[in-house]
Amino acid sequence: MVAKLDKIFNSFVENRIFKNKGVLQTSYTPDTIPHRDKQIEAVASILAPSLRGERVSNLFCFGKTGTGKTLSVQYVTNEILKRIKESGGDNLRVVYVNCKLKKVADTEYRILAEIISSLGESVHSTGLPTGAVYSKFVEIIERKKQLILIVLDEIDQAVKKIGDNFLYTLTRLNSELKNSQISIVGISNSLTFMDNIDPRVRSSLGEEELVFPPYNALQLQDILRERTEDAFSEGVLQEGVIAKCAAFAAREHGDARRALDLLRVAGEIAERESLDKLNLDCIDKANNKIERDKMIDIIENEPKQHQLVLYSIMHLSKDKNYDKIFTGNVYNRYQELCQRTKNDILTQRRISDIIAEFDMLGLINVDVISRGRKGRTREIKMMLPETIKTKAEEILITSLML
DNA sequence: GTCAATTCACATGAAAGAGACCACGGTCTAGTG
DNA sequence: CTAGACCGTGGTCTCTTTCATGTGAATTGACGA
């Protein structure tokens with residue numbers, strides 16, 4: 001046994017795939033951001049007045065995930081802050097809020113609380129009237145003459161959940177403020193986000209708009225090449241690895257984050273298998289693993305009722321009597337399952353929503369179809385790859401104690 | 001045969017309720033000097 | 001006298017139910033050729 005462990009540990013210590021893995025982590029901020037010069041310049045020129053403490057136009061950045069929106073904005077704000085610090089000023093505060101992180105900011109209240117706590121004050125996570133939190137916010141920023149730059153990342157998520165009301169309030173806040181000023185930088189993954197929000201908000205929020213196009217495969221290669229120099233030991237990467245990673249990610253709408261993840265996981269796989277080179281095979285494995293881990297993670301953390309529904313769908317999709325699955329089938333199977341497991345039975349209305357949520361998560365694929373006299377319903381297809389079906393089922397069975 | 005009306009089986013929306021959580025302020029209690 | 005325990009109030013959040021309205025093609029039935 002000891003010998004075995006020795007082998008594992010040794011291979012780990014001896015095997016030097018990575019030079020610095022941190023470079024590939026999402027939290028890493030590189031010094032240079034290739035192929036985003038134009039956008040960075042644009043952001044910089046829009047935000048530049050803040051150097052003199054003047055209010056800057058509200059800015060709105062669009063682009064799919066992993067197109068460098070957050071990175072560019074952070075890069076520019078950091079530079080501005082650095083410069084202001086050098087000249088001894090302190091009348092600019094940058095607040096970064098990621099609206100996507102659950103438990104951090106998925107309600108108006110929490111977003112506000114998050115902003116306040118980034119300003120160094122604290123508010124309770126719940127219990128206060130929202131209005132009171134607004135007053136507190138105003139009070140805090142009014143203490144001195146300053147410009148508050150609020151960066152709302154993944155703002156589309158927040159608006160989808162809680163509506164655009166808070167954006168309106170936030171943009172209107174300026175008229176109440178005497179000392180300080182607020183500017184908002186919104187970052188959105190959805191290109192159509194602006195279409196369905198209140199026109200008043202749209203005009204004030206979108207004073208400046210900036211689109212981040214997806215990277216193409218060649219640009220992704222540049223990005224990867226730059227990072228890999230620091231991340232991997234010399235000569236570890238086999239010919240074509242970068243190209244393949246880039247190609248994979250380009251297929252996923254040019255997501256650079258995805259490409260870097262892919263490379264990192266591939267490296268980990270190579271390390272674990274004590275290979276001395278990272279080959280194309282590792283990339284394939286990494287791609288599967290990422291998909292797999294993502295889904296397993298989702299399934300594991302789903303609440304019980306959702307798991308019951310998911311299990312019903314899985315069960316039905318294995319059943320040869322059903323070549324197509326509809327909402328009604330799922331609901332019936334779900335009811336049986338609940339009775340067997342002594343769980344409460346939710347209404348069809350709720351199950352309908354839960355099914356829609358699974359569709360969003362990509363666990364299933366749903367088409368709303370009309371079957372004429374047989375009514376309108378959803379046609380449901382299981383989307384789990386074969387490789388994780390068994391695993392997923394195991395998880396559900398244990399979790400539901402079937 | 002053609003065309004409009006009907007019908008099914010849900011989808012989709014809106015509103016509201018239940019229960020959990022939390023802060024706040026007031027009251028009670030026990031420990032301390 | 002004071003710190004801490006405890007309680008009721010008032011607020012939010014999430015999950016869920018209830019009620020209402022919408023939807024698109026197969027089916028039906030009236031109508032005319």
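Which handedness does the crossing of α2 and α3 have? The crossing of these two helices is right-handed (the near helix is turned clockwise from the far one by less than a right angle). This is a predicted model, in which local features need pLDDT of at least 70 and side-chain atom pairs count only at pLDDT 80 or more. Residues are numbered from 1 along each chain as its sequence is written, and side-chain values use heavy atoms.

**Helix packing**
- Helix α2 (residues 37-47) packs against helix α3 (residues 69-86) at an angle of about 45°, with the axes 9 Å apart; helices are DSSP runs of H or I with at least four residues, and axes are lines fitted to C-alpha atoms over the stretch in contact.
- The arrangement of α2 and α3 is therefore oblique (neither under 35 degrees, over 145, nor 65 to 115).

**Salt bridges**
- The whole structure contains 18 salt bridges (a side-chain nitrogen of Lys or Arg within 4 Å of a carboxyl oxygen of Asp or Glu).
- Asp281 and Lys285 form one, with the closest N and O atoms 3.7 Å apart; the two residues are four apart in helix α12 (residues 280-301), about one helical turn.
- Arg333 and Glu336 meet in another, at 3.9 Å from N to O, and both lie in helix α14 (residues 327-341).
- Arg333 is buried at 14% relative accessibility, whereas Glu336 is partly exposed at 47%; buried means under 20% relative accessible area, exposed over 50% and partly exposed in between, with a 1.4 Å probe and protein chains only.

**N-terminal segment**
- Met1 lies in the segment before α1 and is exposed, with a relative accessible area of 74%.
- The C-alpha atoms of Met1 and Thr32 are 47 Å apart, for a sequence separation of 31 residues.

Conventions
Chains lettered and ligands numbered in written order. Axes fitted to C-alpha atoms, helices over the stretch in contact; angles between N-to-C directions.
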